Amino acid sequence: MSNPMVITAAMVGAETTREQTPHLPITAEEIAEDAARCREAGAAMVHLHVRTPDGKPSQDAELFRAAIRAIRKRTDILVQVSTGGAVGMGVDERCGGLTLTGADRPDMATLTTGTVNFGEEVFWNPRPLVRDIAKRIKELGLKPELECFDVGMIDEANALAKEGLVQQPAHYDFVLGVPGALAAREAALDFMIASLPEGSTWTVAAVGRHQLPFVDLAAVKGGNARVGLEDNIYVSKGVLAKGNWELVAEAAKRAKAKGRTPATPEEARKLLRLG
Ligand code: KMH
Ligand code: ZN
């Protein structure tokens with residue numbers, strides 16, 4: 001049994017800057033180049049944010065379209081668009097990637113199910129806004145990745161399922177270690193896993209120095225993992241990752257050491273029931 005594990009590359013994000021790392025991809029071509037290398041290194045999916053040419057976070061549909069087209073020209077990696085964007089963005093702005101249809105339609109989209117402190121700021125997700133985004137994802141025929149920064153967000157995902165806005169079994173991403181939110185502790189991960197409805201799938205995205213150790217935990221506990229420059233820029237203490245691909249390569253090595261095989265995009269589609 002190959003026991004595949006989905007490795008997602010959170011390549012760009014909204015917060016990481018070129019001042020922090022020169023290896024952050026910004027243009028469609030840079031994103032596509034790194035995405036292709038991530039696929040070769042073992043990633044099955046990218047979690048995608050986009051930037052304006054001067055590096056500012058954006059959720060502009062045309063920037064998403066350009067990045068998705070460039071990625072798909074180079075590789076078969078799955079594309080999950082962010083609907084979180086950057087703190088302070090309005091709902092229409094956040095949903096730019098959900099206006100893409102036909103050949104440019106993404107494979108998946110994120111949905112954060114509650115409000116959370118985010119460093120010194122607030123990632124604002126009041127209940128009506130969450131339902132608005134959930135409806136847009138459903139209308140596009142996509143499955144959401146339910147981003148849970150705290151365990152209450154799993155309960156809110158259950159409420160969304162009862163309202164018919166999310167289909168279960170669903171897929172969750174536990175985001176651990178954001179300053180001001182739930183810390184990256186193994187006990188927190190265990191509680192989140194234990195709180196999931198039967199049949200759910202999950203990924204863990206731990207922030208900063210916790211990113212790679214949580215790949216080991218995900219591998220052992222039967223989950224999936226997200227790595228990448230959105231959440232962490234170092235491949236080891238004080239050593240910048242030379243690209244997202246280097247973090248993916250390290251994650252793939254760790255997964256294999258625990259008896260898991262990095263999933264292909266096709267396997268990820270089946271495992272996450274993307275249809
Ligand atoms: N940039 C964060 C405020 C998502 O992509 O869905 C939100 C975020 C979540 O990154
Ligand atoms: Zn994101």
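In which sense do E7 and strand E10 (residues 144–148) pair, and over how many bridges? They pair in the parallel sense, over four bridges. The legends below start from the whole fold and then move in to the details; please keep in mind that this is a predicted model.

**View 1. The whole protein holds nine helices and 16 strands.** Along its principal axes, the C-alpha trace spans about 45 × 40 × 40 Å. The radius of gyration is 17 Å, which agrees with the value near 19 Å for a compact globule of 275 residues. Of these 275 residues, 49% count as buried. If you like contact maps, here is a figure for yours: among contacts with a separation of 6 or more, 74% join residues 24 or more positions apart.

**View 2. Eight strands close into a barrel.** The order runs E2-E3-E6-E7-E10-E11-E12-E13, and the pairing is parallel. On average, neighbouring strands of this sheet are turned by 25° against each other, direction ignored. Helix H7 (residues 211–220) packs on the sheet, where it touches strand E12 (201–206) and strand E13 (224–227). The direction of H7 makes about 170° with that of E13. Helix H8 (residues 244–257) packs on the sheet as well, touching strand E2 (7–10) and E13. For H8, the angle with the direction of E2 is about 160°.

**View 3. Strand E7 (residues 108–112) is mostly covered, with five of its five residues buried.** In a regular strand, side chains alternate between the two faces of the sheet. On one side of E7 sit Met 108, Thr 110 and Thr 112, on the other Ala 109 and Leu 111, and all of them are buried. Both faces of the strand are therefore covered, since a residue with 20 or more other C-beta atoms within 10 Å of its own counts as buried.

**View 4. E7 has strand partners in E6 and E10.** Strand E6 (residues 78–81) pairs with E7 in the parallel sense over two bridges. Gln 80 has Met 108 as its bridge partner in E7, while Val 81 is matched with Ala 109. Towards E10, Thr 110 stands opposite Glu 145.

**View 5. Twelve residues need no guessing here: the surroundings of ligand 1 can be listed by name.** Around the ligand are Gly 13, Ala 14, Ser 82, Thr 83, Gly 84, Ala 86, Val 87, Thr 110, Thr 112, Phe 118, Phe 123 and Glu 147. This shell divides into five nonpolar residues, six polar and one charged. Thr 110 and Thr 112 are already familiar from View 3, where they belong to one side of E7.

**View 6. A cis peptide bond joins Gln 168 and Pro 169.** Its omega is about 0°. Pro 169 lies in the loop between helix H5 (152–162) and strand E11 (171–176). For background, most peptide bonds are trans, and most residues other than glycine have a negative phi.

**View 7. Arg 273 has a positive phi, near 55°.** This residue, which is not a glycine, lies in the segment after helix H9 (265–271). Is Arg 273 buried, exposed or partly exposed? Arg 273 counts as partly exposed, because it has 13 C-beta neighbours inside 10 Å.

Methods: Residues are numbered from 1 along each chain as its sequence is written. Chains are lettered from A and ligands numbered from 1 in the order in which they are written. This is a predicted model: local features need pLDDT of at least 70, side-chain atom pairs count only at pLDDT 80 or more; totals for chains, interfaces and linings use all residues. A residue is near a molecule or strand if its C-beta atom, placed from the backbone, lies within 6 Å of it. Ala, Val, Leu, Ile, Met, Phe, Trp, Tyr, Cys and Pro count as nonpolar, Asp, Glu, Lys and Arg as charged, and the others, Gly among them, as polar. A residue is buried if 20 or more other C-beta atoms lie within 10 Å of its own, exposed if 12 or fewer, and partly exposed in between; C-beta atoms are placed from the backbone. The radius of gyration is taken over C-alpha atoms; the globule rule is 2.2 Å times the number of residues to the power 0.38. Two residues are in contact if their C-beta atoms, placed from the backbone, lie within 7 Å. Two strands pair if DSSP finds at least two bridges between them. Axes are lines fitted to C-alpha atoms, for helices over the stretch in contact, and angles run from 0 to 180 degrees between N-to-C directions.
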